[in-house]
Each structure stands twice: as C-alpha cells, then as structure tokens.
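Got a minute to go through how a few labels on a model are earned? Have a look at the structure below.

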Amino acid sequence: MSEGRPSLGGRMAARWSRAEATVTKGLLLAVFCVGLVAQFVKPVGDALQGKTYIGGALLSIVGYVLYAEVLRLNTAHDAQREGARHLHETVRQLSEEVRELTARLRPQSGEDVSADRLMEECAQALRRGGEIELWGMCFTGETFVEPLRRVLEDLPPDPSRSVSVRILVPDFTRPIEIPGLVREADGRLADAPGFRRYLVEKIAGYERGLRTMRARMARKAQGALTVEFRTVHMSPFLKLYVVGDEVVFEGIYDKLDVRPDEYRSPGTAPSGPGTEGDQLLDLIGHGSLLTRWSRYDGEPAREVVARRRAFFGTLWDAACPLSRGPHAAGGA
C-alpha cells in the first residue's frame, strides 16, 4: 500500500458514512408509506395490528439515527472549537516570534550607542568595498581619527576600494573662549592661547597620521584613500559622524573639566587682564553616548540623515583648509 493511501477499514467507514443517511431516509420513508397504507387498506392495517416488536424496532432505528446525528454535531462542534483554539494559540505564538525577531534584526534608529558602534559600522562599510565616504565633526579627532586609522590598517586587500575621509574641526588659530580660561578675578571666560597652540599641534598630528595611511594602503592593495581636514571658527560642542549616505551618529561634548592652565608658558599671562590663578575650561567627550540614525528606519530617520548631511556639507563648504606650521595658533 502506497504511503498516504487510506486503509480498508477507513474506506469502509467512509462508504458507510456516505450511505448511512440514504438508508435511514429510505427506512423512515418506508415506515411512513406503510403507516399511510395501513390507515386506508384494512387488510394491511389488520396485519400490522399488535406488531409491537416491529414498531419498537422502527423507533429504535429512529432513536439511533437521532443519537448518531447529535453525536456527530457535538463532535464537529468540539473539533471546530478545538481547531479555533489551536489556531488562536498558533497565531499568538507566531506574533510573539515575529515581534522578537523584528526587535533583534531591525536596525535601531534614534538609539543611544557607544563610539564602538560607530567604529563597527565604519569597519563594515569599509570591508564592503566600493566608494565609501566617512565624515566627522570633531574636537581634535582623537576619538574618531585614531580608531579609524587602526581600522584602515586591518582592511583586507581590495584595489577597487575608494575611501574619502573628511574631518571638520574648530579653528584654534583664532581666539576662542570655549575651551578657554576662567578668570580668577571675575569668573568670566577668556582666550587660552597656550592651550590653543597645543590643540593645533595635536590636530596636525592626527592629520599626518591619517595621511600616512594613503601610501600604506596603496602598497598593501587595500584601495585608495583621500584625507582632508578643514577648520571653521566654532566651539566644539557637537559631535557628528556620517557613514556614506546611510547612517549618521551625533552627540555632544557633555562634560566640562576645570583645571590649572598647564599650557601657559612660565612668566606669561593670557591676553587681557589675568592672573596665575586663572583656570582652564576644557570640554570632555570621552565616554559620551551617540545617537544613531539610519535612512532605512522610516521616514523620520531618513529626514534626520538628510538634514545632518546637509548641515555638515554647508559647514564644510564654508570651512578653510587646516593651517600648518609652528605659528599657526594666532595670538599665542
């Protein structure tokens, strides 16, 4: 017997189920006809008179038929109710599994993440190859440029890879109050030329370190790298990082550090009135969280990505090339 073919007993039960209704209807119709004939044909009526066993048998048949039908209806109702309950439970379980799977797989938009997540996505984009744009608005580039340089060093060979890095930093060649000095006399903010000179040199070092990767990547067939730093006169409150045209990370430098101005040359004073007791006010961004936005997470997130890219692009177009040289920090 082939697999899936019903057994003999199953076939017989199916045939009887189909014939049962016809046989029962025939018997009931015969009882009706005999009773009707007996009412008008006296010999037939006399023959049936006193045949209680026949009547009882017929009533038994009718009772059986009624019982079987009620049982069938109850069984069908119970099966339907059980099927509905099972279907409801299955739908509930599937809905929970879909929600859990969606929560695990859906890229999180507007979620607070660490700087490690930023570097992970930069690394993923770089490994995919092709043309990759990585933009960063930073304080000095320490928390973005240095980790990015390590990612570039570990890339697999791919001569077709093209990486464009743009870094926008504050113009520390011009006087600025934040970061700057908090004057001891009146608590007001003032320029800190020595600290600005230190920041200019620090930024120039990060730029040189990233530019050295161009020759290394070319030698190891990792692709082509272009690096450009620009400056704009602003206080470094905002962090903004763009990975291609898909993902944006943003945050703020949310911690202030007030400490002695160790960058002042001995015997010198800040520009304008000041004393040796003036304190340096610095911005700290290590450990601060970033908010991640992806264009694939709905229309609101897509609009945020487009606005942040346009914001960076506007500042980039208005910015100036990075100044170099030992006297870059004016006013020092």
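What follows is a short back-and-forth on some strands and a cavity in this predicted model.

Q: What makes strand 2 and strand 3 a pair?
A: Pairing takes at least two bridges. Strand 2 (residues 131–137) and strand 3 (residues 162–170) are joined by 7 bridges and run parallel, so they count as paired. For one pair of partners, look at L134, which is bridged to V165 in strand 3.

Q: How do you know that strand 3 also pairs with strand 6?
A: Same kind of check: 9 bridges link strand 3 to strand 6 (residues 224–232), again running parallel, and at least two are needed, so this is a pair as well. S162, for instance, has A224 of strand 6 as its bridge partner.

Q: What makes up the right-handed β-α-β unit?
A: Strand 2, then helix 5 (residues 145–153), then strand 3. The unit is called right-handed because, with the strands pointing away from you, the path over the helix runs clockwise.

Q: Why is D171 called a lining residue of the largest cavity?
A: D171 is listed in the lining, so it has an atom within 4 Å of a cavity point. Others in the lining include F172, V200, I203 and L322. The cavity holds about 70 Å³ of space, and helix 6 (193–219) gives the most to its lining, with 3 residues.

Q: How do the lining residues of the largest cavity divide by type?
A: They come out as 7 nonpolar, 3 polar and 1 charged. D171 is in the lining, and Asp counts as charged.

Terms used
Residues are numbered from 1 along each chain as its sequence is written. This is a predicted model: local features need pLDDT of at least 70, side-chain atom pairs count only at pLDDT 80 or more; totals for chains, interfaces and linings use all residues. Side-chain values use heavy atoms; hydrogens and water are left out. Helices (H or I, at least four residues) and strands (E, at least two) are DSSP runs, numbered from the N terminus. On a 1 Å grid over the protein atoms alone, a cavity is a set of points where a 1.4 Å probe fits but cannot get out, and a pocket is an open set with protein on both sides within 12 Å along at least five of seven lines; lining residues have an atom within 4 Å of a point. Grid points are joined across faces, edges and corners, and a volume is the space filled by probe spheres set on the points.
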